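User: I am new to reading structures, and I would like to understand how words such as "buried" or "contact" are justified. Could we go through some of them together?

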Amino acid sequence: MKGMWWKLLGIVLVLYAIIGGFLMPVPAMPILNETIRNTFFHIPMWFAMMILMTISLVSSIQYLSSGNLQKDAAASEAINVSLLMGFLGLFTGMLWANFTWGTPWTNDVKLNGTAVAILIYVAYIILRGSLQDEHRRAKVSAVYNIFAYVMMMLFINVIPRLSGTDSLHPGNGGNPAFGSYDMDNTMRMVFYPAIIGWTLIGTWILSLKMRINKIENKLLYD
Amino acid sequence: MNLREVKALIFKEFLYEWKQKNAFVGVLIYVISTVFLTYFSFKRLISTETYNALFWIIILFTGVNTISRSFMQENEERQFYYYQLASPQGIILSKMLYNSLVMLVLTFLALGVYITFLGNPIVNISLFLVTVLLGSTGLAVILSMVSAIASKTGNNPTIMAILSFPIILPFLDALIGLSLHAINGIDSPQNIKFIIVLGGMNAIVAALSYLLFPYLWRD
């Protein structure tokens with residue numbers, strides 16, 4: 001049972017978010033209506049994705065300073081899990097957009113940012129695939145990972161402010177939403193646990209993948 | 001690393017380019033024929049947006065094609081030789097500076113040919129020149145680092161495009177925005193923000209390459 005508590009917490013929080021997210025009362029808003037419940041499923045994915053990408057960045061920096069191949073494996077597995085979260089976030093978002101905006105994809109800064117983030121990390125996986133030697137692969141992909149993370153952050157944080165076009169997303173540009181004014185306290189009671197729960201589940205998947213990796217590459221690490 | 005070392009390395013780049021004249025002439029022909037191809041497909045100026053986007057896409061592809069050679073052209077034995085003589089910081093700085101110079105020359109050449117064929121709708125020339133300066137150096141700096149990464153995979157020509165396009169997108173987005181303002185002569189306070197962001201990205205990427213290249217250096 002030692003070290004299990006956070007996994008159990010993750011399960012409980014995600015279950016709570018699913019049950020509460022579908023059953024609890026939500027504020028009735030124009031256009032959004034019941035689709036507002038997507039907040040509990042869509043946004044936690046992005047949080048989990050960004051946290052996992054940051055874990056990957058930290059692992060890459062640790063690899064470069066220590067040369068420990070297990071750190072490199074952690075960086076790559078964290079990217080795999082964060083891409084899973086990214087795709088789930090993308091699909092929940094597209095499903096939602098289809099009902100509220102009437103189209104699954106528009107030219108929105110947040111959508112473009114996501115597309116770029118996914119492209120960058122798919123390129124990272126391809127880069128790893130094209131290198132055979134473990135140490136060379138670890139080094140080259142760690143350098144690319146750090147480089148890519150910084151550029152992605154620039155794209156997500158700087159470019160939208162520069163072009164002056166607001167996102168269509170609720171809470172941006174005066175759209176009705178779950179900003180500080182619109183999200184009521186019942187929603188927050190589900191929203192925050194959902195974020196923590198999905199992040200814990202993502203970390204759990206990562207730790208499982210790391211353990212499988214450790215077994216598969218036992219000879220390499222010894 | 002010192003200034004003399006960087007100077008010597010840049011001089012070496014010039015000598016190397018001079019030794020392989022037909023490679024450089026090949027790039028020039030590539031630029032001219034790509035511009036001619038766009039002229040042939042469009043025949044006339046459609047809109048300033050298209051004009052602007054096409055120009056930077058041509059420059060992007062020229063950059064990827066030219067700079068992907070910068071680390072791949074020299075074989076591994078020769079690279080080992082450099083690593084014994086020079087510091088990694090000196091090598092990446094000299095590559096970035098030299099590639100910026102090459103990109104500037106190519107961009108101005110492409111601009112000349114582009115204007116000759118497709119006309120010149122640019123209203124704010126001085127702002128456009130600033131854009132060209134920032135754009136070509138920025139592309140050169142980003143692509144130099146990506147080229148160093150891509151060269152480690154052993155000459156896989158597509159990997160350069162796969163790695164660089166998503167990374168370049170934020171830079172290209174700001175670049176095309178500023179360039180469109182210059183072409184249409186829009187005089188907004190946003191322009192100065194664009195210039196700061198482009199210059200800042202140049203600085204960030206150069207600093208990152210300077211810090212990260214030593215790890216990539218030898219394996």
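The conversation below takes up several descriptive terms and sets each against its definition.

Analyst: Please keep in mind throughout that this is a predicted model, and that its values are computed from the atoms.

User: What makes chain B as compact as a globular protein of its length?

Analyst: The secondary structure of chain B comes to nine helices and zero strands. Its radius of gyration, taken over C-alpha atoms, is 18 Å, and the globule rule gives 17 Å for 219 residues; the two values are close, so chain B counts as being as compact as a globular protein of that length. Along the principal axes, the C-alpha atoms of chain B fill a box of roughly 55 × 40 × 30 Å.

User: Why is helix 8 of chain B called largely enclosed by the rest of the structure?

Analyst: A residue is buried if 20 or more other C-beta atoms lie within 10 Å of its own. In helix 8 of chain B, 20 of the 28 residues are buried, and therefore the helix is described as largely enclosed by the rest of the structure. For chain B as a whole, 43% of the 219 residues count as buried.

User: Where does helix 8 of chain B bend?

Analyst: Helix 8, which covers residues 157–184 of chain B, bends by about 45 degrees at B:L169, and the proline B:P170 follows within four residues. That angle lies between axes fitted to the seven residues ending at the bend and the seven starting there. Just after helix 8 of chain B, B:G185 takes a positive phi of about 70 degrees.

User: Which residues have the most contacts inside the largest nonpolar core?

Analyst: They are B:I142, B:I149 and B:L163, in a core of 115 residues. Helix 7 of chain B, residues 125–151, gives the most to this core, with 14 residues. Leaving out residues up to four places away in sequence, B:L163 touches A:A123, A:L127, A:Y144, B:V146, B:I149 and B:A150, where touching means that C-beta atoms lie within 7 Å.

User: How do you know what kinds of residue chain A brings to its contact with chain B?

Analyst: The contact takes 27 residues from chain A and 26 residues from chain B. Helix 5 of chain A gives the most to the side of chain A that touches chain B, with 13 residues. Sorted by residue type, this side of chain A divides into 21 nonpolar, four polar and two charged residues.

Notes
Residues numbered from 1 in each chain as written. Chains lettered and ligands numbered in written order. Predicted model: local features only at pLDDT ≥ 70, side-chain atom pairs only at ≥ 80, totals over all residues. Contact = placed C-beta atoms within 7 Å. Helix = DSSP H or I, 4+ residues; strand = E, 2+ residues; numbered from the N terminus. Nonpolar A, V, L, I, M, F, W, Y, C, P; charged D, E, K, R; others polar. Buried ≥ 20, exposed ≤ 12 C-beta atoms within 10 Å, placed from the backbone. Rg over C-alpha atoms; globule rule 2.2 N^0.38 Å. Core = buried A, V, L, I, M, F, W, Y, C linked by C-beta atoms within 7 Å.
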